[in-house]
Amino acid sequence: YLQSSALHPDFRNECIGTAFLGEVRAAATARQVPVELAVFRTNGAARRFYERRGFLRTGASKTHVEMSWRAG
């Protein structure tokens with residue numbers, strides 16, 4: 001369980017987030033569990049980041065968009 005994550009703007013577009021997410025997805029795949037997260041509605045860049053990596057929208061609240069990824 002990860003409470004929160006953020007990448008400092010100076011380090012974006014250097015594949016750090018992609019590498020981190022790859023490790024998370026590999027661990028989830030090994031355990032046969034989904035990766036679920038919530039992104040602030042106002043953070044369109046983060047939503048697009050996750051969508052490009054296979055996450056699907058599963059719900060929403062007043063403040064967040066809920067997304068999920070599952071191997072296979």
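## A viewer's tour, from the loops to the core

Start by selecting cysteine 15, which sits in the segment before H1. The model on your screen is a predicted one, in which local features need pLDDT of at least 70, side-chain atom pairs count only at pLDDT 80 or more, and totals for chains, interfaces and linings use all residues. Residues are numbered from 1 along each chain as its sequence is written, and side-chain values use heavy atoms, leaving out hydrogens and water.

**Stop 1: backbone angles and the segment before H1**

Look at the backbone of cysteine 15: its phi is positive, about 70°, although the residue is not a glycine. Is cysteine 15 buried or exposed? Cysteine 15 is exposed, and its relative accessible area is 58%. (Exposed means over 50% relative accessible area, buried under 20% and partly exposed in between, with a 1.4 Å probe and protein chains only.)

Now go to glutamine 32, in the loop between H1 and S1. Glutamine 32 is another residue other than glycine with a positive phi, here near 55°. With a relative accessible area of 70%, glutamine 32 counts as exposed.

Before you leave the segment ahead of H1, click on serine 5, which also belongs there. Serine 5 is partly exposed, at 48% relative accessible area. Try a distance from serine 5 to arginine 25: the two are 20 residues apart in sequence, and their C-alpha atoms are 15 Å apart in space.

**Stop 2: the whole chain**

Zoom out and switch to a cartoon view. You should find 2 helices and 3 strands, which follow one another as α-β-α-β-β from the N terminus. (Helices, H or I with at least four residues, and strands, E with at least two, are DSSP runs numbered from the N terminus.) Turn the C-alpha trace around: along its principal axes, the trace spans about 30 × 30 × 20 Å. Of the 72 residues in the chain, 21% are buried. Among contacts with a separation of 6 or more, 45% join residues 24 or more positions apart. (A contact means heavy atoms within 4.5 Å.)

**Stop 3: the nonpolar core**

Next, show side chains for Leu21, Ala28, Val35, Leu37, Val39, Ala46, Phe49, Tyr50, Phe55, Val65, Met67 and Trp69. These 12 residues are the largest nonpolar core. (Such a core is a set of buried Ala, Val, Leu, Ile, Met, Phe, Trp, Tyr and Cys residues joined through side-chain atoms within 4.5 Å.) Which elements each supply at least two residues of this core? They are helix H1 (16-31), strand S1 (35-40), helix H2 (44-52) and strand S3 (64-69).

Pick out alanine 28 from this set. Beyond its neighbours within four places in sequence, alanine 28 is in contact with Val33, Val35 and Trp69. Trp69 has a charged partner too: arginine 25 lies over the face of the tryptophan 69 ring, 5.2 Å from the ring centre. (To count, NZ of Lys or CZ of Arg must be within 6 Å of the ring centre and within 35 degrees of the ring normal.)

**Stop 4: helix H2 and its rings**

Select H2 and look at its buried residues, Gly44, Ala46, Phe49 and Tyr50. An α-helix has 3.6 residues a turn, so residues three or four places apart point the same way. Colour H1, S1 and S3 as well, since they are among what covers the buried residues of H2. Following H2 comes glycine 54, with a positive phi near 95°.

How many aromatic pairs does the structure hold? There are 2. Phenylalanine 49 and tyrosine 50 make an edge-to-face pair, 5.1 Å centre to centre with 80° between the planes. Tyrosine 50 and phenylalanine 55 are also edge-to-face, at 5.2 Å and 65°. (Rings of Phe, Tyr and Trp, its six-membered ring, pair if their centres lie within 6.5 Å; planes under 30 degrees apart are stacked, over 60 edge-to-face and the rest tilted.) Ring pairs thus join Phe49, Tyr50 and Phe55 in a cluster. Tyrosine 50 is buried, at 17% relative accessible area, and phenylalanine 55 is buried as well.

**Stop 5: serine 68**

End in strand S3, with serine 68. Serine 68 is buried, with a relative accessible area of 17%. What does serine 68 touch, not counting residues up to four places away in sequence? Its contacts are Pro34, Val35, Glu36, Gly54, Phe55, Leu56 and Thr58.
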